Amino acid sequence: MTDKVSGPIDRTIRSHPGDADEAFDIPAVDAPAIPLNGSDELDKYTRVDLLKQERVIAKEFHGGPMWYYPVAAFAGFALWLSFFPLTMFFGFPLAVAFVISCVLATGGYVTSHEAMHSNIARQGDKRRWLNEWTGKVSTIPIVFPFSMARMMHLEHHYHVNDPDKDSDYTDEAPNWWMAIYKTWYNRQPRVDGSIHHYKRILAEMGTPEADKALKDTLKLQLFFMATLFTMAWTGYAIEAALLWWLPRHIGLSYIRFYLSWAPHHPRAGNTGRYNSANIFKSRLGHVMSMGMQTHLIHHLYPGIPNHKTKDAYFALKPVLEKRGVDCSAL
């Protein structure tokens, strides 16, 4: 069952393209019901009542301590940086550093993701700098500047599963093994996918924010290449490959698979509020799939932190089932 209530909400979001705080605020519980368009097996009054119930429940999972994310981001970044001198000059096992670097490169996206939605501190909050720096340090290991990451992720929310406008649509594939292949293929030169696709979208936007994101990307990529070249030139090519180059590629593939393909496949036609993402069961579990088993909750309420989406899902499940959401997987 599809639902058409996303239209009015999307227009609100587009009026504040750079302000995630305002874009994803949940309305007050007793606010006037938004118009519900299109036919549905449920009558308008039932759907409005369900939406009110949904918002009351969702509100319970917003907010709360968020210090875990900055701590994880800065500690992870410091640990990753320390591996360079430790492996080059102090005999720290490179194999161990490689495995941990892969975990840090992948997990950094989770902490940056909360910063993208300003869940750590909103604009105007005295801790806003913490939100911004959490995002910035988290994505350096995957050579993905926070400015670009935030703009493209919000574009994904604005146009989820739209083949022409969803910034992540190039990750779509018919099955899981083709999806894994595309995480690599889309990063190849002259392929309009992944970060190449992002660069094209930003260039087409032509806004000052988009221009800054493109410059940030160029600077970080040049720094990345210069670091790899310098380390290789001075006899540390293997360290460069196993601490940054390969963990970056493994992390990007893992992120693309679990944060983009798995929760949104199949994308075609699924642009409604309640079918834009799947509820699915991951063989690797909730944590190893980066909380994506209940990704629909994030699209319904991006202000709910990642670590609360599973509990929010089970609290919302009876309402979602009445709305026709397939909750059979969990």
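How exposed or buried is Arg 127? In this predicted model, Arg 127 is partly exposed, its relative accessible area being 45%. The legends below begin with the whole chain and then turn to individual sites.

**Figure 1. Overview of the protein chain, which has 14 helices and zero strands.** Read along the sequence, the pattern is α-α-α-α-α-α-α-α-α-α-α-α-α-α. Of the 330 residues in the protein chain, 53% are buried, and the chain exposes about 15800 Å², of which carbon and sulfur atoms supply 64%. Among contacts with a separation of 6 or more, 68% are made by residues 24 or more positions apart. The structure holds zero disulfides; Cys 102 is buried, with a relative accessible area of 11%, and Cys 327 is buried as well, with a value of 5%.

**Figure 2. The salt bridge between Asp 125 and Arg 127.** A search of the whole structure finds twelve salt bridges, and in this one the side chains of Asp 125 and Arg 127 meet with an N to O distance of 3.4 Å. Asp 125 counts as partly exposed at 27% relative accessibility, and Arg 127, at 45%, is likewise partly exposed. As a general point, side chains of opposite charge can pair when their charged atoms come close.

**Figure 3. The salt bridge between Arg 267 and Glu 172, which links distant parts of the chain.** The closest N and O atoms of Arg 267 and Glu 172 are 3.9 Å apart. Arg 267 belongs to the loop between helix H11 (237-264) and helix H12 (285-288), whereas Glu 172 belongs to the loop between helix H7 (146-158) and helix H8 (176-185), the two residues being 95 residues apart. Arg 267 counts as buried, at 0% relative accessibility, and Glu 172 is also buried, with a relative accessible area of 18%.

**Figure 4. The salt bridge between Asp 216 and Lys 212 in helix H10.** The side chains of Asp 216 and Lys 212 meet at an N to O distance of 2.8 Å. Because Asp 216 and Lys 212 are four residues apart in helix H10 (residues 208-233), about one helical turn separates them. An α-helix has 3.6 residues a turn, so residues three or four places apart point the same way. Lys 212 counts as partly exposed, at 48% relative accessibility. Elsewhere, salt bridges that share partners join Arg 128, Glu 132 and Arg 150 into one network.

**Figure 5. Helix H3 (residues 44-59), its N-terminal cap and its buried residues.** The 16 residues of H3 reach 22 Å from the first C-alpha to the last, which is close to the 22 Å expected at 1.5 Å a residue. At the N-terminal end, Asp 43 caps H3, with a side-chain oxygen 3.0 Å from the backbone nitrogen of Tyr 45. The buried residues of H3 include Arg 47, Glu 54 and Arg 55, together with Val 48, Leu 50, Leu 51, Ile 57 and Ala 58. These buried residues of H3 pack against helix H13 (295-300) and helix H14 (309-322).

**Figure 6. The surroundings of Phe 84 in helix H4 (residues 68-89).** Phe 84 is buried, with a relative accessible area of 11%. Leaving aside neighbours within four places in sequence, Phe 84 is in contact with Met 231, Leu 243 and Trp 244. Between Phe 84 and Met 231 there are 9.9 Å in space, C-alpha to C-alpha, although the two are 147 residues apart in sequence.

**Figure 7. The cis peptide bond between His 265 and Pro 266.** The bond that joins His 265 and Pro 266 is cis, with omega at about -5°. Pro 266 is found in the loop between H11 and H12, and Arg 267, the buried partner of Glu 172 in Figure 3, lies in that loop too.

**Figure 8. Two loop residues, Val 143 and Arg 190, that have a positive phi.** Val 143, although not a glycine, has a phi of about 55°, and its place is in the loop between helix H6 (128-138) and H7. Arg 190, also not a glycine, has a phi of about 65° and lies in the loop between H8 and helix H9 (194-205). Val 143 counts as buried, at 1% relative accessibility, whereas Arg 190 is exposed, with a relative accessible area of 85%.

Conventions. Residues numbered from 1 in each chain as written. Predicted model: local features only at pLDDT ≥ 70, side-chain atom pairs only at ≥ 80, totals over all residues. Heavy atoms only, no water. Salt bridge = Lys/Arg side-chain N within 4 Å of Asp/Glu carboxyl O. Buried < 20%, exposed > 50% of the residue type's maximum accessible area, 1.4 Å probe, protein only. Expected span 1.5 Å × (residues − 1). Contact = heavy atoms within 4.5 Å. Polar contact = N/O pair within 3.5 Å; in protein donor to acceptor, adjacent residues only side chain to side chain. Areas by Shrake-Rupley, 256 points an atom, 1.4 Å probe, with all protein chains shown as cover. Disulfide = S-S within 2.5 Å.
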